Amino acid sequence: MSELPVGATRRQIIDAAVRLIADHGFSATSVDQIAEAAGVAKGSVYYNFGSKADLFTSILTEGITRLTANLRTALETGPEPTPLERLVTALLRQIRDNPAFAKVVAAEVFRTGRDWQESIGLIHDQAMAVFAEAVGLGDPDLDPLDARVMGSAAFGATLVAGLEWLTYQPDRSPTDVLAAILRMVRRA
């Protein structure tokens, strides 16, 4: 194995772990498998992350932070289309570009009692909150708790529909999938 800069090694480990965990789940993925898929020694995983749980926490924190930043940018971009439509578009694009991470999020978002519970909570506290904000912008008289539920529903529907598309309807164009999701959002 060749020596890589620490940042590159860390990136390889994260990318390999996301792919494996998306396909096999956290519990069924070993550090040995992650190291092999990343092309690094097992010790490199522990050196960079300390433990498998710490690696997963890093994956979630990094991915959710990036997702939230992209959603925030979409929310703050222009008046057209609606804020919620811009978020659905941005989330669908993120799912298309990062399908393994989307699978991990879908599998872990509502699990409790895990070492990384605080990190997965970022989905709720950050990414879904952007959706709740967009819902609230569309109806300023809406109760904030209702906006939160509606924002979570739009986030979850888009996440599941995006995974449905990639897994079972991969020949459909992104434009068609987006149009279907937006049709549902507009009817709600």
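Helices here are DSSP runs of H or I with at least four residues, strands are runs of E with at least two, and both are numbered from the N terminus. With that in hand, let's walk through the model. The structure is predicted, so to speak of local features a pLDDT of at least 70 is needed, and side-chain atom pairs count only at pLDDT 80 or more, while totals for chains, interfaces and linings use all residues. Residues are numbered from 1 along each chain as its sequence is written, and side-chain values use heavy atoms, with hydrogens and water left out.

A good place to begin is the annotated part of the chain. UniProt, in an unreviewed entry, lists "domain: HTH tetR-type" at residues 7-67. UniProt positions follow the numbering used here, feature names are shortened, and annotations may be inferred rather than shown by experiment. In the model, residues 7-67 are 82% helix and 0% strand, and the C-alpha atoms at the two ends lie 20 Å apart. The unreviewed entry also places a "DNA-binding region" at residues 30-49. That span is 80% helix and 0% strand, with its end C-alpha atoms 14 Å apart.

Now look at Val40, in the loop between helix H2 (31-38) and helix H3 (42-49). Is Val40 buried or exposed? Buried means under 20% relative accessible area, exposed means over 50%, and partly exposed is in between, using a 1.4 Å probe and protein chains only. Val40 counts as buried because its relative accessible area is 8%. To get a feel for distance, find Met184: its C-alpha atom is 45 Å from that of Val40, and the two residues are 144 places apart along the chain.

Next comes helix H5 (residues 83-97), where Arg86 sits. Arg86 has 11% relative accessibility and therefore counts as buried. A polar atom of the Arg86 side chain lies 2.7 Å from the backbone oxygen of Thr77. Setting aside neighbours within four places in sequence, Arg86 is in contact (heavy atoms within 4.5 Å) with Ala74, Leu75, Thr77, Gly78, Pro79, Glu80 and Pro81.

Gln94 is also found in helix H5, and at 15% relative accessibility this residue counts as buried. Beyond residues up to four places away in sequence, Gln94 touches Leu67 and Asn70. Its side chain makes a polar contact with the side chain of Asn70 at 3.3 Å. A polar contact is a pair of N or O atoms within 3.5 Å; within protein, one must be able to donate a hydrogen and the other to accept it, and residues adjacent in sequence count only if both atoms are side-chain atoms.

Gln94 leads us to a cavity, since the lining of the largest cavity includes Gln94, Leu67, Val105 and Phe155. The elements giving two or more residues to that lining are helix H4 (52-75), H5, helix H6 (99-108) and helix H8 (144-168). On a 1 Å grid over the protein atoms alone, a cavity is a set of points where a 1.4 Å probe fits but cannot get out, and lining residues have an atom within 4 Å of a point.

Finally, turn to Ile123 in helix H7 (residues 117-138). With 0% relative accessibility, Ile123 counts as buried. Apart from residues up to four places away in sequence, Ile123 touches Ile64, Leu67, Val105, Val109, Met128 and Phe155.

Notes:
On a 1 Å grid over the protein atoms alone, a cavity is a set of points where a 1.4 Å probe fits but cannot get out, and a pocket is an open set with protein on both sides within 12 Å along at least five of seven lines; lining residues have an atom within 4 Å of a point.
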